[in-house]
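Got the viewer open? Let's take a short walk through this one, picking one thing to select at a time.

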Protein chains: 2
Amino acid sequence: MARLVWALALVGALGRAAPFDNSSSSVRVSWVGDAPSQNFGTTFGLPWPQGKYQPEEVDFRISNEEIPLQSWVTGYWRDGSIKWSAHAIPRTDNVADEYTIEVTPVSKHRHQTTRMSVKDRDSEVTVNTGKITVSFPKKGRHIVGSIKTAGGKTVGINGRLVLYSQNSIPDTASSRTSTTIDRHNFESNIEEVTVSKDNSVRTLVTVRGKHTAIEGSDHDDWLPFVLRFYLYTDSDAIRLVHSITFDGENDKDFISGLGIQFQVPLKGEKLYNRHVRLAGTDGGFLNEAVKGITGLRRDPGAEVRTAQFEGKALPDESTWDTRVTTRLQWIPAWNDYSLSQLSPDGFTLKKRTQPGQSWVNIPGGTRSGGLAYLGGATQGGLAVAQRDFWKRYPTGLDIANAGSDEGQITLWLYSPDAAPLDLRPYHDGMGQDTYEKQLDALEITYEDYEAGFDTPYGIARTNEIFLYAFDSTPSSDTLAELNALAQEPPVLVAQPEYIKETKALGSYWALPDDSSPARTKIESNLDFLVRHYQKEVEARRWYGFLDYGDIMHTYDVDRHQWRYDIGGYAWDNSELSPDLFVWQYFLRTGRADVYRFAETLTRHTGEVDSYHIGDWKGLGTRHGVTHWADSAKQARISQPQYRKYFFYLSGGDERTGELLEDTLDADMTYGILDPQRKVRTDGWKPSPGAPVTFGLGTDWAALAAGWLIEWERRGPRWEEARKKLAGTAAGIAKLKNGFVTGSGSYLIENGTLLPPPTDPDNQGVVAISHLNAVFGMPEVISELLEYWGDDGAAPEGFEEAWLDYAYYYGATAEEQQTRYGQSFTGVSLVQAHSRLAAYYAASQKNATVAARAWSDYLGSDGFRDTQEFVAVRVDGSAVIHPVDEAAWLSTNDFAQYGLASIQNLAYISNSLENSV
Amino acid sequence: MARLVWALALVGALGRAAPFDNSSSSVRVSWVGDAPSQNFGTTFGLPWPQGKYQPEEVDFRISNEEIPLQSWVTGYWRDGSIKWSAHAIPRTDNVADEYTIEVTPVSKHRHQTTRMSVKDRDSEVTVNTGKITVSFPKKGRHIVGSIKTAGGKTVGINGRLVLYSQNSIPDTASSRTSTTIDRHNFESNIEEVTVSKDNSVRTLVTVRGKHTAIEGSDHDDWLPFVLRFYLYTDSDAIRLVHSITFDGENDKDFISGLGIQFQVPLKGEKLYNRHVRLAGTDGGFLNEAVKGITGLRRDPGAEVRTAQFEGKALPDESTWDTRVTTRLQWIPAWNDYSLSQLSPDGFTLKKRTQPGQSWVNIPGGTRSGGLAYLGGATQGGLAVAQRDFWKRYPTGLDIANAGSDEGQITLWLYSPDAAPLDLRPYHDGMGQDTYEKQLDALEITYEDYEAGFDTPYGIARTNEIFLYAFDSTPSSDTLAELNALAQEPPVLVAQPEYIKETKALGSYWALPDDSSPARTKIESNLDFLVRHYQKEVEARRWYGFLDYGDIMHTYDVDRHQWRYDIGGYAWDNSELSPDLFVWQYFLRTGRADVYRFAETLTRHTGEVDSYHIGDWKGLGTRHGVTHWADSAKQARISQPQYRKYFFYLSGGDERTGELLEDTLDADMTYGILDPQRKVRTDGWKPSPGAPVTFGLGTDWAALAAGWLIEWERRGPRWEEARKKLAGTAAGIAKLKNGFVTGSGSYLIENGTLLPPPTDPDNQGVVAISHLNAVFGMPEVISELLEYWGDDGAAPEGFEEAWLDYAYYYGATAEEQQTRYGQSFTGVSLVQAHSRLAAYYAASQKNATVAARAWSDYLGSDGFRDTQEFVAVRVDGSAVIHPVDEAAWLSTNDFAQYGLASIQNLAYISNSLENSV
Ligand SMILES: [Ca+2]
Ligand SMILES: [Ca+2]
């Protein structure tokens with residue numbers, strides 16, 4: 001089967017697909033990492049070669065397993081053929097190691113039967129997966145009305161979001177006596193509920209709203225949320241992707257608790273048959289009953305005790321030792337439990353009989369798995385779990401009123417026990433009240449400060465939550481297994497070979513290649529880099545509600561510490577595209593650890609490091625001590641290309657799709673915010689309606705990536721996007737010096753690009769920057785050129801302009817002088833740019849340029865060929881705890897060495913051995 | 001030398017000392033565990049055989065090292081000869097592995113010269129150790145006026161205690177909006193300052209007072225404290241023993257922060273020469289300057305960078321790269337640092353530029369060493385460290401205003417970032433409003449509840465704090481070393497052989513003996529027990545501000561969990577004397593791990609589990625879910641014998657001495673509180689002035705221990721104590737059935753004991769309890785009998801009464817019948833009591849009884865000879881994290897098997913091999 005796929009894929013890769021011939025063809029997908037122990041339904045993406053399948057002509061099915069498949073198209077080639085499909089499989093009793101996705105003519109298998117039932121009424125959406133029925137009210141406070149099992153047990157009702165906030169934070173603990181704090185409590189207030197159209201295997205319910213004050217509080221609705229509930233046929237699990245956008249005032253709206261809460265009906269369940277389960281470490285659990293009958297002075301009987309620990313209904317009381325049954329009233333019922341993970345290293349745990357009494361400490365541990373269960377042996381129960389619970393500290397799990405008719409589970413995405421989330425600036429500007437001073441400060445802290453720009457207004461954060469319904473208290477082994485899946489939700493993906501041959505994610509990467517010592521050395525280096533950063537996440541505790549997922553920018557060799565506190569050297573915010581490196585490294589290796597690392601990075605950088613509402617919507621914010629501290633708000637940082645891999649591979653993750661849409665308005669921001677405002681010497685200023693000026697590298701590449709993705713997706717604005725792509729590319733092509741011009745004058749309304757204001761007559765400007773090509777431009781342009789193809793769709797001269805840039809960036813000063821009338825200044829990141837020369841060499845089959853590329857790669861800047869990729873143990877009093885230090889490594893180099901390595905190997909590996 | 005000591009010791013052990021003969025004799029003391037890397041002065045105790053040395057005739061000196069020795073007597077034999085001496089050695093440049101303490105005639109070495117200078121003025125005490133000068137004001141808020149180095153640097157001023165409290169706690173996070181909280185801030189208010197008289201090597205300054213409200217708060221002064229500052233000649237370290245007693249209302253006075261704070265003068269020190277050090281994990285440190293000059297965009301020069309990291313003064317600015325010096329104003333100064341250890345597993349760390357700006361997260365870790373340093377490279381600085389910092393969570397370290405003229409260090413013994421300390425009852429009584437109901441509930445939860453008795457009023461807690469003064473910022477290696485010493489302060493102790501031979505801690509223990517398989521097996525079992533409980537402390541997280549030091553009472557086999565939540569099965573509160581077992585195990589082994597475990601246990605049980613003020617002063621409180629939950633407030637739990645070993649070995653630890661004094665009033669409580677009130681059938685009720693009734697086992701043994709210690713110490717009430725001892729012992733002896741009578745009628749005023757109210761004519765009562773002899777009675781009586789000696793000082797018939805009890809407890813029903821007219825009921829803990837028979841057998845040289853003792857030991861209750869002492873791994877979802885479980889082990893058995901083993905081996909080991 002695999003060989004057939006290969007053959008077909010190769011045909012596709014050449015772009016000359018035969019029309020569909022009614023013979024089936026198929027693609028294998030397998031689990032990233034080990035096959036999971038259970039499958040409760042998942043969605044995945046599959047790429048296809050250009051021209052191979054037209055959407056209206058084909059269906060998909062699984063040919064090696066008897067399970068239904070829901071399929072839809074998430075991306076198209078320019079010719080309308082399928083570029084990306086997405087597929088959902090239901091919960092299955094067994095888990096196959098791999099699935100074969102077969103493409104069939106459309107007439108076959110069109111009408112699948114499904115056990116999924118979806119009702120979209122005026123008041124609510126109801127989804128019945130066959131295992132659970134869940135209602136989603138369209139108005140009010142309850143994001144989930146009820147969760148009922150097929151066995152008829154209602155195990156969760158009145159699900160709601162919970163938000164606490166306060167308007168101030170005491171400066172110190174001692175000033176708590178003198179600080180007036182207005183506190184507000186909020187609940188979800190639903191504004192819109194939508195449901196997916198095709199629900200044969202998967203139903204997506206999207207709930208949008210804001211948090212609204214309760215109890216007569218006078219705070220406006222705020223903190224908009226989007227909740228995406230994914231339900232699969234036959235599954236009793238719900239995956240919830242929970243996103244919020246910060247729209248408060250950072251010195252008045254401090255989040256002091258953010259969570260999701262469910263009521264659990266328990267009426268009629270004996271207290272000793274009610275069970276609490278809270279996840280400990282490594283699959284461990286606290287296993288308790290609301291009223292314990294173990295460990296007592298009198299023994300009710302071994303059967304009774306064992307049943308309670310196992311979460312089973314106890315034998316009838318008449319069978320117990322009466323010395324226990326006559327005294328049940330003296331055994332405390334534990335109504336409330338609370339688990340707090342206030343650091344990534346330790347959680348505490350406590351319970352109490354009721355409010356007004358003291359909590360009793362329960363021995364805690366290091367890292368909680370983040371799952372809470374409350375339920376009964378006969379009436380069933382609900383489990384709520386958060387992915388990456390301890391990594392996203394401060395988090396918490398609360399059980400309340402477990403002894404009453406209605407218990408409650410709260411998952412705290414931000415624990416109310418922690419200090420409030422403080423999004424204020426970390427310094428007061430230190431007197432940097434002019435651009436001159438700001439630029440001077442930039443020279444020392446590398447922070448590009450500007451008053452008012454250090455705002456989190458518009459950043460977002462997404463969490464993943466899992467809900468599990470049970471007809472009766474499950475075994476804790478079951479909960480442990482489910483929670484393991486919640487922590488690393490199983491992912492299906494095609495083989496690297498196949499993805500590569502489709503060219504759906506470009507032609508700039510190839511499979512690992514150990515066929516020569518020189519190649520093996522590069523492979524080994526790449527492996528070191530990706531592993532080292534994963535270890536650094538742990539060693540440097542890059543965890544936290546907002547922080548988790550990001551990495552740091554530069555190391556402070558003297559302090560054996562990343563420069564977490566030094567201006568522009570702290571949080572990386574995708575600087576120089578580590579996202580691209582990690583994703584491309586995953587594409588070529590298929591490694592599970594790399595996928596998880598890349599996914600986490602994407603979830604952070606796409607949400608926290610970009611603005612999703614407000615004037616700067618669509619822009620990212622530059623690396624800094626806080627993710628939004630820097631005044632450089634730029635498109636290069638929210639570069640949609642960083643999100644593209646995850647988006648398509650995940651089968652079109654809807655939250656990521658929304659983030660991509662957010663960036664479509666990035667070009668509007670140039671009308672009010674000039675990214676070059678502090679360094680511009682041409683006097684240009686943005687004014688609404690007038691042409692705007694932006695860079696042809698960092699700016700245009702980011703916009704182009706967004707336009708291309710929108711075009712691929714055939715999103716609602718795809719024609720506008722296509723037009724802007726063509727218009728700006730044509731404009732660049734028409735510039736006398738093409739990309740070397742550095743910037744252009746862009747007309748937002750019609751999406752065209754003219755020479756920059758300094759050169760209205762297109763006499764030719766030479767203004768290159770080392771940054772132009774290190775924020776995704778090579779990836780975007782090569783994908784774009786392949787998208788346009790070679791049949792004349794690409795604007796005339798555009799490819800040549802890019803080839804010129806690729807050739808001349810690293811060319812000799814003489815060559816530059818000859819071509820442009822002057823040599824380039826400001827050339828650096830030579831190793832990084834070697835992949836541009838490699839692209840040129842491969843494209844033009846030019847061995848000389850290939851040799852130059854390898855020479856630049858091996859012996860310029862970045863990592864020389866002599867660099868040893870090793871980490872050294874540092875311990876003792878020099879560090880807060882022992883670390884393995886790679887003091888020679890910065891994240892810029894991590895990212896760009898990685899990308900240069902991958903792309904040079906893809907383009908010109910044949911000439912490597914001649915160059916070392 | 002060792003042999004000589006042995007010989008002398010043996011002479012002493014026989015109680016027939018020759019008068020002092022002018023020839024020197026000596027005793028070796030060595031470090032518990034490895035010799036420390038540094039010695040900054042320490043105090044230790046030494047036992048002496050009865051009759052050997054008269055205090056007025058001898059001096060002590062160190063014969064193998066040229067260092068001064070301060071010596072004083074902490075305990076006397078009955079004849080006035082020295083039983084315990086205490087000795088202090090100063091800080092020394094080198095640390096010897098052992099010291100030889102030589103006893104010399106009094107004429108020699110009487111007037112040691114000292115560099116210690118102590119001035120006791122009206123306004124303050126000033127102590128100059130030769131390295132630091134410390135002033136202790138006698139009034140006001142500042143417990144330390146100033147700390148100056150010999151180099152003239154004032155590195156700490158205005159030391160004060162800090163307390164925050166609040167009058168309520170919101171029931172839930174959501175009710176924070178609707179809960180009114182009155183908060184109060186307090187500082188130390190000094191009431192009394194005293195200073196030791198002999199200060200040649202060690203000076204002890206004792207500061208007493210209460211916490212007083214500041215800023216016009218209307219709260220009374222409360223939470224009395226005693227601070228004991230220990231200063232040694234030549235030392236720049238101060239050891240501070242910090243004790244508080246809770247005298248608040250447990251539903252109105254919630255401690256929300258408790259700490260000690262010092263101001264650190266920094267005026268004139270450049271910001272880049274100011275250093276912050278905060279202890280991380282395993283000797284690790286955060287090493288930062290207030291204004292960092294490493295990791296910047298421009299390099300000031302390698303020398304500059306290295307100097308800053310190492311805490312040295314930077315080279316003159318003129319030598320730096322001017323690209324840095326011209327921009328120093330743009331580098332943030334970090335004024336405030338905060339480390340929070342809110343769980344025993346993880347600490348977080350943050351800093352900020354100033355109040356009003358957000359904190360910046362610093363990568364934290366697992367367990368902080370608990371030391372904070374603030375100071376300057378030229379002006380010196382101060383380090384504050386807490387012993388057992390993370391084990392006593394929630395704790396914290398704050399640095400504030402480090403960029404101002406006066407920085408501040410706060411050590412939080414109770415972190416203000418944590419939920420307030422909640423000392424309320426954990427349940428509402430569940431309707432137990434009669435003794436009948438309470439006794440019924442006792443049958444199921446084993447909790448002896450009574451409304452109003454679940455109060456923490458009068459409990460105490462002691463912490464150890466270390467202060468270190470520096471002329472300049474020290475290396476972090478130095479800080480790590482000092483902090484290691486703060487965590488396990490070096491302890492000097494004599495050899496087990498020597499201690500045993502002096503009999504100063506009884507004759508009921510012997511050295512480990514591996515001379516036969518049967519002995520080796522017992523030794524191995526004991527080793528298992530002591531190691532297992534140490535591991536359980538970690539596995540079960542028996543940590544916390546109040547909890548640390550205690551162990552749990554009984555295991556819940558079904559839940560794989562100690563019964564932390566089940567009435568009388570939770571915190572152990574010395575039930576059945578684990579304190580005695582662990583201390584005796586230390587005496588025989590000299591093992592460092594055992595010493596630390598025993599010390600920690602003593603520090604907890606002596607403070608938290610007893611009342612130190614109020615009506616119940618001197619009583620302990622029975623095992624329970626909270627340390628004070630149980631209504632059984634009894635002398636057996638505050639048994640002074642539990643504190644005796646540590647008191648004397650430590651050279652008379654003054655805090656422990658105070659706790660011992662607290663128990664001297666325990667007999668007064670019987671006039672108002674009848675320990676047997678719920679089960680008494682004789683109708684007796686306490687009334688002030690009238691005779692009181694109490695048990696001859698648990699009650700009398702505890703009182704007797706306190707009286708004996710007071711007599712030994714020749715404390716202020718020693719004659720009263722001696723009288724009460726003799727009076728009650730004589731009373732017991734006169735009872736027809738002696739100890740078997742069970743209880744007696746005690747006249748508090750004159751300290752005599754009469755037959756119980758039920759038998760005023762002394763006809764003979766038989767009322768034994770399995771508990772009588774398992775709370776220290778065997779240890780107390782055997783020490784007391786040795787103290788009285790065999791020259792007629794002991795009340796007539798007293799020894800016989802005890803021998804009768806020892807013999808008949810485990811005798812046959814027939815023998816009991818013959819002797820007492822009836823056989824005993826209620827006999828259990830047979831294995832535990834085998835040591836009474838062993839005592840009898842050794843005393844009476846009775847091989848038959850010895851065999852009976854071994855038989856009871858090996859094959860009755862407790863652990864049978866067939867018991868395998870092993871732990872089994874339990875992991876997976878059954879437990880919150882993996883544990884090594886010894887489900888067969890309860891703490892009662894731990895303690896009493898341990899004591900029976902030790903004492904049987906001491907008394908009748910020769911007959912063991914015949915009995916197995
Ligand atoms: Ca970031
Ligand atoms: Ca206790």
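Before the first selection, a word on terms: two strands count as paired here if DSSP finds at least two bridges between them. Keep in mind, too, that this is a predicted model.

**Stop one: a small set of strands.** Select β32, β33 and β34 of chain A: these three strands make an open sheet in that order, with antiparallel pairing. Which strands sit at the edges? Those are β32 (692-695) and β34 (752-754) of chain A, each of which pairs on one side only. On average, neighbouring strands in this sheet are turned by 40° against each other, direction ignored.

**Stop two: one pairing.** Now keep just β32(A) and β33 (residues 743-747) of chain A, which pair in the antiparallel sense over four bridges. Show A:Val692 and look opposite: you'll find A:Tyr746 in β33(A).

**Stop three: the helices across the sheet.** Add α13 (residues 698-713) of chain A, which lies across β32 and β33 of chain A and runs at about 95° to β32(A). Then add α14 (residues 718-734) of chain A; this helix lies across β33 and β34 of chain A, at about 15° to β34(A).

**Stop four: both chains.** Zoom out and show chains A and B. A rotation of 180° with 0.0 Å of shift along its axis puts chain A on chain B, with an RMSD of 0.0 Å. The two copies are therefore related as by a two-fold rotation axis. To find that axis from chain A, select A:Gly346: its C-alpha is the nearest in the chain, 2.2 Å from the axis. Both copies use the same surface, as 100% of the contact residues of chain A recur in chain B.

Conventions:
Residues are numbered from 1 along each chain as its sequence is written. Chains are lettered from A and ligands numbered from 1 in the order in which they are written. This is a predicted model: local features need pLDDT of at least 70, side-chain atom pairs count only at pLDDT 80 or more; totals for chains, interfaces and linings use all residues. Side-chain values use heavy atoms; hydrogens and water are left out. Copies are superposed by least squares on the C-alpha atoms of residues with pLDDT of at least 70 in both. Contact means heavy atoms within 4.5 Å. Helices (H or I, at least four residues) and strands (E, at least two) are DSSP runs, numbered from the N terminus. Axes are lines fitted to C-alpha atoms, for helices over the stretch in contact, and angles run from 0 to 180 degrees between N-to-C directions.
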